[in-house]
Amino acid sequence: MMTAQPSVRPPRTPSGRTRRNAEKWSWVFMRITGPVLLILIVTHLFINLMTGDGISQIDFAFVAGKWASPLWQVWDLLMLVLALLHGGNGMRLLINDYAHHPWLRKVLHSALGIAVIGIIVLGALVIFSFDPCPVDADPSLLPSFCEDVR
Amino acid sequence: MTATAESPAVGEVKAMQVTLRILRTNPEGTDDHAPGESYWQEFQVEAHATDRVLDALHKIKWEQDGSLAFRRSCAHGVCGSDAMRINARNRLACKTLLKDLNPAKPIIVEPIKGLPVEKDLIVDMEPFFASYREIMPFLVTTGNAPTRERLQSPEDRQRFDDTTKCILCAACTTSCPVFWTDGQYFGPQAIVGAHRFIFDSRDEGQWDRLEILNDKAGVWKCRTAFNCTEACPRGIEVTKAISEVKKVLTTGEI
Ligand code: HEM
Ligand code: SF4
Ligand code: FES
């Protein structure tokens, strides 16, 4: 005996199913990068603000001194990339929640993608092409090792 | 000598005046309000501290304004018909005592959020039930049916005991901020309904259900806000059930 099917509304967009497990990996990614960011950011703040002369030590020379070491170059690059991928993916989730028109979603997702990639590229450029001893700068503002370079 | 029916009652509960502020909507409109417009209306009723919000709503409907619309059936927390937003929290009107709400202030009663309002406190539950149907809330097995019950050890039963208590009241789903903003999310209740079968040792449809919940609109929409756990009138640990489903999906083990 066949009974009539209950009429179900058009099913919700099964967009996750076209790329299987995409949302699962997004979720796992947030759980992994969250704690890693926590360690990176807390250490970053501690070194910059609590050690040495604390907040008053931060100037051009301090930043230049840090970026002279490959450790802090990699550290800051990691912070930059993870914060943007984590924050960017988080914003993607929020766009999915709040932007209901497909075209609005597309526009916002594109803008977000461009911003994330743009900021990562610019930030990485600054970290790795940074010149700690610009030629015509006031020597009193430069890190101490610049005297040897000159 | 017969009973003491006329003697002063021992520990009599005093009657008091309570005010209910109800968010009303009439699809046909009233003299003062356009069709579909939502507006607040206050009612004063005499009630006892031990009365429930449902009793106060009944008094309004039966004695003051018969047009007030709300759902209820069992009046004892079993059927799940009368979930509503009372003082900004989702609860069953039939399980909420006035004395637990500070009756000195107006008690604010709204329809549950996130589902289309049909009239006053009645919402269209169809999108909610559609999500429930999608996770296949029935036993799925293969092979011949046994000639007797499908037995199960108490330990196996314990794994999904909590989620069998669901009465489909929608208090959890309509307390979820993700459900409010995004009409697509299955919502906590559908995951509770799936949990009840996924962790049932007799069921063989687990991976079909898990596949459905692995969707973009499935468990990964959950941000662990815990609103659902706080709202559930059956005391189901909804967020925990959702986490258990996520864990199965990430580890691949039930
Ligand atoms: C300090 C360490 C951090 C930790 C431990 C952390 C942890 C998390 C976790 C676990 C989630 C997922 C929430 C969920 O889906 O249930 C999340 C979401 C998010 N995070 Fe982070 N995060 C951190 C830093 C950051 C930073 C630096 C940014 C911005 C650049 C950021 C932006 C976001 C955004 C926008 C979301 C999405 C919010 C949502 O889904 O509602 N987080 N975070
Ligand atoms: S899980 Fe609790 S709140 Fe949600 S529908 Fe079931 S009984 Fe209601
Ligand atoms: S009327 Fe049945 S649960 Fe409240």
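Where in chain A is the place of A:His86? The views below start from that residue in this predicted model.

**View 1. A:His86 and the iron atom of ligand 1.** A:His86 belongs to helix 4 of chain A. Its NE2 atom is the single donor that the protein gives to the iron atom of ligand 1, at 1.9 Å. Look also for a polar side-chain atom of A:His86 that is 2.8 Å from a nitrogen atom of ligand 1.

**View 2. Ligand 1 between chains A and B.** Here we step back to the residues that surround the ligand. There are 15 of them, and the closest are A:Arg31, A:Gly34, A:His86, A:Gly90 and B:Arg223. Sorted by class, this shell holds nine nonpolar, four polar and two charged residues. In chain A, helix 2 (22–50) contributes at least two residues to the shell around ligand 1, and so does helix 4 (70–98).

**View 3. Two arginines and the oxygen atoms of ligand 1.** From chain A, the side chain of A:Arg31 places an N or O atom 2.8 Å from an oxygen atom of ligand 1. From chain B, B:Arg223 has a polar side-chain atom 2.7 Å from an oxygen atom of ligand 1. Both residues are listed among the closest to the ligand.

**View 4. B:Thr224 and its contacts.** B:Thr224 sits in the loop that links helix 6 (206–213) to helix 7 (227–231) of chain B. Is B:Thr224 buried or exposed? With a relative accessible area of 31%, B:Thr224 counts as partly exposed, because that value falls between the 20% limit for buried and the 50% limit for exposed residues. Apart from neighbours within four places in sequence, B:Thr224 contacts A:Arg31, B:Thr239 and B:Lys246. One of these, A:Arg31, we have already met beside ligand 1. For a sense of scale, the C-alpha atoms of B:Thr224 and B:Thr96 are 26 Å apart, with these positions 128 residues apart along the chain.

**View 5. Chain A as the setting for the close-ups.** Chain A contains six helices and zero strands, and its elements follow the order α-α-α-α-α-α from the N terminus. Of its 150 residues, 32% are buried. Among contacts in chain A with a separation of 6 or more, 62% join residues 24 or more positions apart. Its accessible surface amounts to about 10,200 Å², and carbon and sulfur atoms account for 72% of that area.

Conventions
Residues are numbered from 1 along each chain as its sequence is written. Chains are lettered from A and ligands numbered from 1 in the order in which they are written. This is a predicted model: local features need pLDDT of at least 70, side-chain atom pairs count only at pLDDT 80 or more; totals for chains, interfaces and linings use all residues. Side-chain values use heavy atoms; hydrogens and water are left out. A residue is near a molecule or strand if one of its heavy atoms lies within 4 Å of it. A polar contact is a pair of N or O atoms within 3.5 Å; within protein, one must be able to donate a hydrogen and the other to accept it, and residues adjacent in sequence count only if both atoms are side-chain atoms. Helices (H or I, at least four residues) and strands (E, at least two) are DSSP runs, numbered from the N terminus. Ala, Val, Leu, Ile, Met, Phe, Trp, Tyr, Cys and Pro count as nonpolar, Asp, Glu, Lys and Arg as charged, and the others, Gly among them, as polar. Donors are N, O and S atoms within 2.8 Å of the metal (3.2 Å for Na, K and Ca); water is not among the atoms, so sites may look incomplete. Buried means under 20% relative accessible area, exposed over 50%, partly exposed in between (1.4 Å probe, protein chains only). Contact means heavy atoms within 4.5 Å. Accessible areas come from the Shrake-Rupley method with a 1.4 Å probe; for residues, only the protein chains shown count as cover.
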